Amino acid sequence: MIRVLIVDDEAELTKILNKKLSKEGMEVLTAGNGKEAVALMKKKSVDVGLFDIKLPDADGVELLAKMKELQPTTEVVMMTGHGAIDTAIRSMKLGAYDYLTKPCKLAEMHNVILKAYEKKQLREKNIILEEQLHRVDVHDTLIGESKEMEQVKRIISLVASSDVPVLVLGETGCGKGLIARAIHSLSKRSANPFVTVNAGGFQEGILESELFGYKKGAFTGAVTDKTGLLEIANKGTFFVDEVADMGLTIQAKLLRVLEETVFRKLGDTKEISVDVRFIFATNKNIDDEMEATRFRRDLYYRINTFTIVVPALRDRMSDVPLLAKYFLAKHARGLKAKTISRQAMELLMTYHWPGNVRELANVLERATLLAGGRDEISIEDLPQGLTTQPVRMEGMAKKSFSPSDLRLDRMEKEHIERVLKYAEGNKSKAARLLGISRKNLYQKIEEYS
């Protein structure tokens, strides 16, 4: 719904505009002077402003500048009499979208508002994409020097150069999103958009609108066209997190995009063609989801062309000190980073970490706050849960690499072992996850003893 702020001291005109625009499905805010308008700007976000040039206590151009200061992406349309057209033109040079002369034609005003709103949407999307394309953040790198993480990095480098769909499996908080971003960063699409959507974060109808977009009039409240995320991701990478949470209807539409690279917006008759590289992720057991008919088998066979199983933090405990150092530097916010006492580090190295890396980050952020002015984090700064649910971990010491550790066949063997463990020994399931036939898997098992 478009939110419009009308600022005019002509009460009758404001009443007419409010009634007309409300019937068109817009939310209308009104103010009779500059003071009321500024108060509304500070309380509520506005999509489009309609400002009279002459107000009892302010100049419309000054109000325009205030709006741009408080809400930079909001578009403003100036309303003026014939005697103040020069001022209206000057206001456009200062950032106004357009101007209308009084008495305004309601149809003309309606069209100008829709166009101004489209410009606001486009500007906001461009800002988001620019941030995604140019953001350089150490958090986007995969932190870890364990054998398990080196193997994951190796697999990423192998698959990044292709356009095949990738399915990333792993527990919540283990870094599936970072895996997806790393694949994109190393791919030939790295200069193009990296667009993400969490399928578990939307109701099915809203998710469909977000993915595919819609045409004006497709449903009640669709007062303008909406560009979907798939269209925004064109030429780039589209990361669908929690794909197993998608409803069956959207799964069917997504399958068509994967197979035919086309889709239709809601309410549209034309097909849109897109060139997108897909990466999917889930923490669910997709075999169980398919067995319960909550996930389409044909979609699964299409998205698991290449599968990456991300190790849980408890399976790469030698990375905990390195991760801790990174998070402490991040939480220091430019100040000197805190250190961790030997006893506290031992506790971190023996905890089970059900929330994985995300839980570690939260624990260290909390510990940093509790430590206050102290330079070192102690056991007292850690949550009680870390002491009440320890787990024995053996072989935590960091191992040095030998030349044989870097052999591709050894890495393949260890990856197959990890997938078999994930599949609980089910060779049919493991073969599907690996993207190979069961016969090929048996040959690999025999080859690697």
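The following exchange concerns Val77 and the sheet around strand S4 in a predicted model.

Modeller: Local features need pLDDT of at least 70 in this predicted model, and side-chain atom pairs count only at pLDDT 80 or more, while totals for chains, interfaces and linings use all residues. Residues are numbered from 1 along each chain as its sequence is written, and side-chain values use heavy atoms, with hydrogens and water left out.

Biologist: Why does Val77 count as buried?

Modeller: Buried means under 20% relative accessible area, exposed over 50%, partly exposed in between (1.4 Å probe, protein chains only). Val77 has 0% relative accessibility, so Val77 counts as buried.

Biologist: Which residues is Val77 in contact with, leaving aside neighbours within four places in sequence?

Modeller: Contact means heavy atoms within 4.5 Å. Val48, Gly49, Leu50, Phe51, Tyr97, Asp98, Tyr99, Leu100 and Val112 are in contact with Val77.

Biologist: Where is Val77 placed?

Modeller: Val77 belongs to strand S4, residues 75–80. Strands (E, at least two residues) and helices (H or I, at least four) are DSSP runs, numbered from the N terminus.

Biologist: What is the order of the strands in the open sheet?

Modeller: The five strands run S2-S1-S3-S4-S5, with parallel pairing. Strands S2 (27–31) and S5 (98–101) are the edge strands, since each pairs on one side only.

Biologist: What makes S1 and S3 a pair?

Modeller: Two strands pair if DSSP finds at least two bridges between them. Strand S1 (residues 3–7) and strand S3 (residues 48–52) have four bridges, in the parallel sense, so by that definition they pair. Ile6 stands opposite Leu50 in S3.
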